Amino acid sequence: MTINRLFKAVADASFELLSESRLEYSLPKALQCVADAAQIDRIQIFQYTNPTLKFPYTLLNDWCTHASDIEWQKSGFNWLVQEFWHKALQDRETIRWQAPNEEHLLKSVMLIPLFFQNHYWGFMSFETVRLAKEWSEEEVQIINTFSANIAVQINNNHSERVLKESEERYKNLIEHAPVAIIVHIKGEIVYANPEAARFIHASSVSEIIGKNVLHFVPKEDHPMIIERMTQIATSNQAGEKIHERFLKPNGEIIEAEVTAIPFVFEGKRAIQVIANNITKQKKALKTIEENEERFRMVLEKTGQVVYDYDVQSRAIKWSGAIEEVTGYTPEEFNTFTVAEWAEMIHPSDRQKTMELLQAAEDNCVSFSAVYRFMRKDGSYIVIDDEGIFVKHPLLPKSERLLGVMKNITAIKQSEEELQRINKHLKKVNDELEQFAYITSHNLRAPIVNLSSLVALFDRQNMSEPHNLQYLDKIDQSVKRLESTLNDLVQIVSERKPNPQANSTKLSFNQLVDEICQSIENQFKDTSISLRCDFASVPSIHQIDVHLRSVLLNLLTNAIKYRKRDQNLHIDIKTQKTDEYVCLSVSDNGIGMDLEKMGHKLFGLYQRFSEESEGKGMGLYIIKNQIESTGGYITVDSQPGQGSTFTVYMKDLKESYETV
């Protein structure tokens, strides 16, 4: 074989490939032409397709001579290109191999790497099974040229096939597109898909072809359409997506979203128009807008603020009665983040509210909280906040929170006022029962006695000796009646003071000193140890007469109910809580059984020891005095263990400043 013969065979094969574009016909002939000239038994073409596989190639073509087919199959050659062969091929090296002995059925192999656009494409394998072949450098160069032509033709064929398939897919897509598509040249429609006919309710596409696009547009829109067509044709750039109106044959308007782009149709400059019918969407949108407007009016009239919180972005949108509820304009309030909203919650309510919010988000459940919220002017209102977390469609977490903030300040005030009235009515009812008791017992007895004495009095004979006895008894009854009436006057006078008008700043140390001086004789007659601790709260704004009465009654009660066989120890101290000043008076006296007498302890005319003096009015009076300014009193006591009375009082200056 000469080089000329191989060169001619390659030239003939290349011509065959160029003259017949269908590779399924031209490629086998070309391969046979070269194989005959080079005395090759088999030629294979492999494309590098999957680098993840052990053998990363796909066999595209396999040609062999009929005479050597059986021999080649007997060779049992399994094409597993070794790793160093694969790397050498990628490095543009030609691989040549010969069998090591005569017994090997596959005699020789040459692998030619194929590159396309400077990228490794695959390789061609030239094999013999009858005779071993030694390739000269000239033959290798010629075969390399042939192999390169093969690669180009395969890729060209592939590109043409892909282009044709793409055109077919595009045409099919246009024909079956769910939107109207037309192509016009200088306004004349030259193409329309079936959906375009349905879009304007034409019986067929033929009714559209050849007509001017303005035929399907309201006359008042013609100037705008002409200007848009001119702009696109002149700039050769796509127009912006806009809303346009079209006409049905019956004159009904169709709303559409339209995109227009420059286009080449059958070699001519044209414009392709894509129109999406949005008539139903426009009507639905109008209905939604009307409903939203009604909803907005309802929210504003009912004083509610609606929010939509995106959990992922932490963005929040507000609407409704924003200005009425918060004092901020909608523009101002919509700039606030969730963190800034949280800062507007009263410090005492903030932590609990945020914990409830986080728990609802974590479990994707409803959120509900009542808290005080600071308006723009710094005042606080009470908010009832209710919402629901919407679950993410794909992930196991919350996606957004939809909720409503309602101003329930007036409701809360009404509830508190109702509670206050109910409490006051209960108290009044209890007092009425006490008054009924006083009337039926303490007043009735002396009055009946007076009536009896007056009836016995001898008016005809005033000098009778027994009249003097009757007068003495009448005098005693009158005094008892006067004492009872004075008690009632005192009780009534303590019922409703004016705390704001009568309150003053009082020093606990000074008050205790003055009270101790006023009962100095009782201190002298008793071994008393008095300890005071007013470091926490040295003073308070309260009603002077009330606080004196409280301290006096608690101190004198401690002295009255002391243990006679041991010294009396009294401890007085003050403490501060969130709302109250606590004044506690403790002693080591005889104590009491609260289970038996606790319910009567602060009642009127209740005495718990026959040995002590008094009417049983002291604790009743100081309880009313304390409660009249918003406080209350508790007691802790056990028989033989002493007692501790704790008075919870409002600092009237702080209370009225808070209000």
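## Aromatic pairs

The structure holds 19 aromatic pairs. One of them joins Phe-46 and Phe-123, whose ring centres are 4.9 Å apart and whose planes stand at 20°, so this pair is stacked. The cut-off behind that label is an angle under 30 degrees between the planes. Phe-46 belongs to strand β1 and Phe-123 to strand β5; with their positions 77 residues apart, the pair links distant parts of the chain. The model described here is predicted.

## The sheet of β1 to β5

Strands β1 and β5, which carry the stacked rings, belong to an open sheet of five strands. The order across this sheet is β2-β1-β5-β4-β3, and the pairing is antiparallel. At the edges are β2 (57-64) and β3 (95-98), each of which pairs on one side only. From one strand to the next, the twist averages 15°.

What joins β3 to strand β4? Four bridges do, and the two strands run antiparallel. Strand β4 covers residues 108-116. Within β4, Met-110 stands opposite Arg-96.

## Helices across this sheet

Two helices can be described against these strands. Helix α2 (residues 23-38) lies across β1 (42-48), β2 and β5 (119-128), and its direction is at about 65° to β2. Helix α5 (residues 137-175) lies across β1, β2, β3, β4 and β5, running at about 45° to β4.

Helix α2 also packs with helix α1 (residues 3-19), at an angle of about 180° and with the axes 8 Å apart. An angle over 145 degrees counts as roughly antiparallel, and α1 and α2 are therefore roughly antiparallel to each other. On the α1 side, the residues in contact include Leu-6, Ala-9, Val-10 and Ala-13, as well as the charged residues Arg-5, Asp-12 and Glu-16. On the α2 side, they include Leu-23, Leu-27, Ala-30, Cys-33 and Val-34, together with Ser-26. By class, the contact of α1 with α2 has 12 nonpolar residues, one polar and five charged.

## The sheet of β6 to β10

Another open sheet is formed by five strands in the order β7-β6-β10-β9-β8, again with antiparallel pairing. Here β7 (188-192) and β8 (242-247) stand at the edges with a single partner strand each, so one side of each has no neighbour in the sheet. The twist in this sheet averages 40° from one strand to the next.

Strand β6 (residues 180-185) pairs with β7 over four bridges in the antiparallel sense. Which residue in β7 is the bridge partner of His-184? That partner is Ile-189. Helix α7 (residues 222-235) lies across β6, β8, β9 (253-265) and β10 (268-277), and runs at about 25° to β9.

## Helices α16 and α18

Further along the chain are helix α16 (residues 508-518) and helix α18 (residues 544-560), whose axes come within 10 Å and cross at roughly 55°. That angle makes α16 oblique to α18. The crossing of the two helices is right-handed.

Which residues of α16 and α18 meet? From α16 they are Phe-508, Leu-511, Val-512, Glu-514 and Ile-515; from α18 they are Leu-547, Arg-548, Leu-551, Leu-552 and Leu-555. This contact has eight nonpolar residues, two charged ones and no polar ones.

Technical notes: Residues are numbered from 1 along each chain as its sequence is written. This is a predicted model: local features need pLDDT of at least 70, side-chain atom pairs count only at pLDDT 80 or more; totals for chains, interfaces and linings use all residues. Side-chain values use heavy atoms; hydrogens and water are left out. Axes are lines fitted to C-alpha atoms, for helices over the stretch in contact, and angles run from 0 to 180 degrees between N-to-C directions. Angles under 35 degrees count as roughly parallel, over 145 as roughly antiparallel, 65 to 115 as roughly perpendicular and the rest as oblique. A crossing is left-handed if the near helix is turned anticlockwise from the far one by less than a right angle, and right-handed if clockwise. Contact means heavy atoms within 4.5 Å. Two strands pair if DSSP finds at least two bridges between them. Rings of Phe, Tyr and Trp (its six-membered ring) pair if their centres lie within 6.5 Å; planes under 30 degrees apart count as stacked, over 60 as edge-to-face and the rest as tilted.
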